[in-house]
Amino acid sequence: MAKQDRAIRTRRAILEAAAAVFDERGYEAAKLSDILALARVTKGALYFHFDSKEDLAHAVIDAQVSVVPTAPPQTCKVQEFVDVGMVFAHRLTVDRVLSGSVRLTLDQGGHELNRSGPYREWTEINLALLREAKERGELLPHAVPEEVAPLVVGAYAGLNLMTHALEGDRSSMERWASALYHHLLPSIVVPSVLTMLDLEPGRGARALGVTEGATVTEAVTVTEGATP
């Protein structure tokens, strides 16, 4: 049992270190030596858990949905749909594994990587909530969940690219996500439901029930002077 716990902690340390390096440098510029130095593990330990840099990158990509807590259930399914996105935007600023996973998903380098998983998973999560909202009469008759869900996922991808390009980080993502919902939802949500929604920045933290700006996962940065 002790060995199993140690193996789990080691794998997590490698995953977090890899996410930090990928987030800062991108896939192609990232070096395994930097990941080893940051995780403080041996090359043997890394290869025990991951076959290659590509395998490690896929593990970080696959962690994108699993590291984000599911938004707490809401009586209003449109609010829950909003909360999924706002929690995601909030966690981007405090969870390095999520941030690194998003960087890899959007990175143009490393053509061997399969980046489709997160897009499909986020679309399915949003689609399920929108379908339930439609069944409950929360959406206008013309709203098509099968169209809205991928549009929102695509919009988030674009906002992630834009904020990172303009600002070097994603600290404004929740503000832009709020603007997205303010402009989108009036065209698809029943007015009586729309007036009850919390679409304001900070909703992600409020939905999680944590203090805004609190560190959920300790951010790690690439060690200065790591061996190239």
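The expected span of a helix is 1.5 Å times one less than its number of residues. Keep that rule at hand for this tour of a predicted model, because two of the helices ahead can be checked against it.

**Stop 1: the whole chain**

Start with everything shown as a cartoon. The protein chain has eleven helices and zero strands, so colouring by helix number will serve you well throughout the tour. Now switch to colouring by burial: of the 228 residues in the protein chain, 50% are buried. If you draw a contact map, look at the pairs with a separation of 6 or more; 70% of those contacts join residues 24 or more positions apart.

**Stop 2: helix α5**

Select residues 77-92, which form α5. How does the span of α5 compare with what its 16 residues should give? At 1.5 Å a residue α5 should span 22 Å, and its end C-alpha atoms are 23 Å apart, which agrees. Next, turn on a surface for the rest of the chain. Because 16 of the 16 residues of α5 are buried, this helix is largely enclosed by the rest of the structure.

**Stop 3: Ala207, beside α5**

Move on to helix α11, residues 203-208, and pick Ala207 within it. Is Ala207 buried or exposed? Its relative accessibility is 10%, so Ala207 counts as buried. Setting aside residues up to four places away in sequence, Ala207 touches Pro72, Asp83 and Val87. Try a distance label here too: the C-alpha atoms of Ala207 and Gln79 are 9.9 Å apart, although their positions lie 128 residues apart along the chain.

**Stop 4: helix α8**

Select residues 145-167, helix α8. The same kind of check works here: its 23 residues should span 33 Å at 1.5 Å a residue, and the 32 Å between its end C-alpha atoms agrees. Show the buried side chains as sticks; they belong to Pro145, Val148, Ala149, Val152, Val153, Tyr156, Ala157, Leu159, Asn160 and Thr163. As you read along that list, recall that an α-helix has 3.6 residues a turn, so residues three or four places apart point the same way.

What covers the buried residues of α8? The cover includes α5 (77-92), α6 (96-106), α7 (116-135) and α9 (173-184). Before leaving, step just past the end of α8 to Gly168, which takes a positive phi of about 80°.

**Stop 5: Thr123, on the α7 side**

Thr123 is found in helix α7, and its relative accessible area of 17% makes it buried. Beyond its neighbours up to four places away in sequence, Thr123 touches Ala149, Pro150 and Val153. A C-alpha distance of 8.9 Å separates Thr123 from Glu146, 23 residues away along the chain.

**Stop 6: where α8 meets α9**

Now show α8 and α9 together. Their axes come within 10 Å and cross at roughly 140°, and the crossing is right-handed. On the α8 side, select Val152, Ala155, Tyr156, Leu159, Asn160, Met162, Thr163 and Glu167; on the α9 side, select Met173, Arg175, Trp176, Ala177, Leu180, Tyr181 and Leu184. Coloured by residue class, this contact divides into eleven nonpolar, two polar and two charged residues.

Zoom in on Leu159, which sits in α8. At 13% relative accessibility, Leu159 counts as buried. Which residues does Leu159 contact, leaving aside neighbours within four places in sequence? They are Met173, Trp176, Ala177 and Leu180. For Leu180, 21 residues along the chain from Leu159, the C-alpha separation is 9.6 Å.

**Stop 7: Glu24 in α1**

Go back towards the N terminus and find Glu24 in helix α1 (residues 2-29). Its relative accessibility of 43% means that Glu24 counts as partly exposed. Add a distance to Asp169: the two C-alpha atoms are 9.9 Å apart, with the residues 145 positions apart along the chain.

**Stop 8: residues 31-50**

Finish with residues 31-50, which an unreviewed UniProt entry lists as "DNA-binding region". This span is 75% helix and 0% strand, and its end C-alpha atoms lie 14 Å apart. Inside it, look at the loop between α2 (32-39) and α3 (43-49), where you will find Arg40. Arg40 is not a glycine, yet it has a positive phi of about 60°. With 77% relative accessibility, Arg40 counts as exposed.

Notes
Residues numbered from 1 in each chain as written. Heavy atoms only, no water. Helix = DSSP H or I, 4+ residues; strand = E, 2+ residues; numbered from the N terminus. Buried < 20%, exposed > 50% of the residue type's maximum accessible area, 1.4 Å probe, protein only. Contact = heavy atoms within 4.5 Å. Axes fitted to C-alpha atoms, helices over the stretch in contact; angles between N-to-C directions. Left-handed = near helix turned anticlockwise from the far one by under 90°. Nonpolar A, V, L, I, M, F, W, Y, C, P; charged D, E, K, R; others polar. UniProt positions renumbered as here; feature names shortened; annotations may be inferred.
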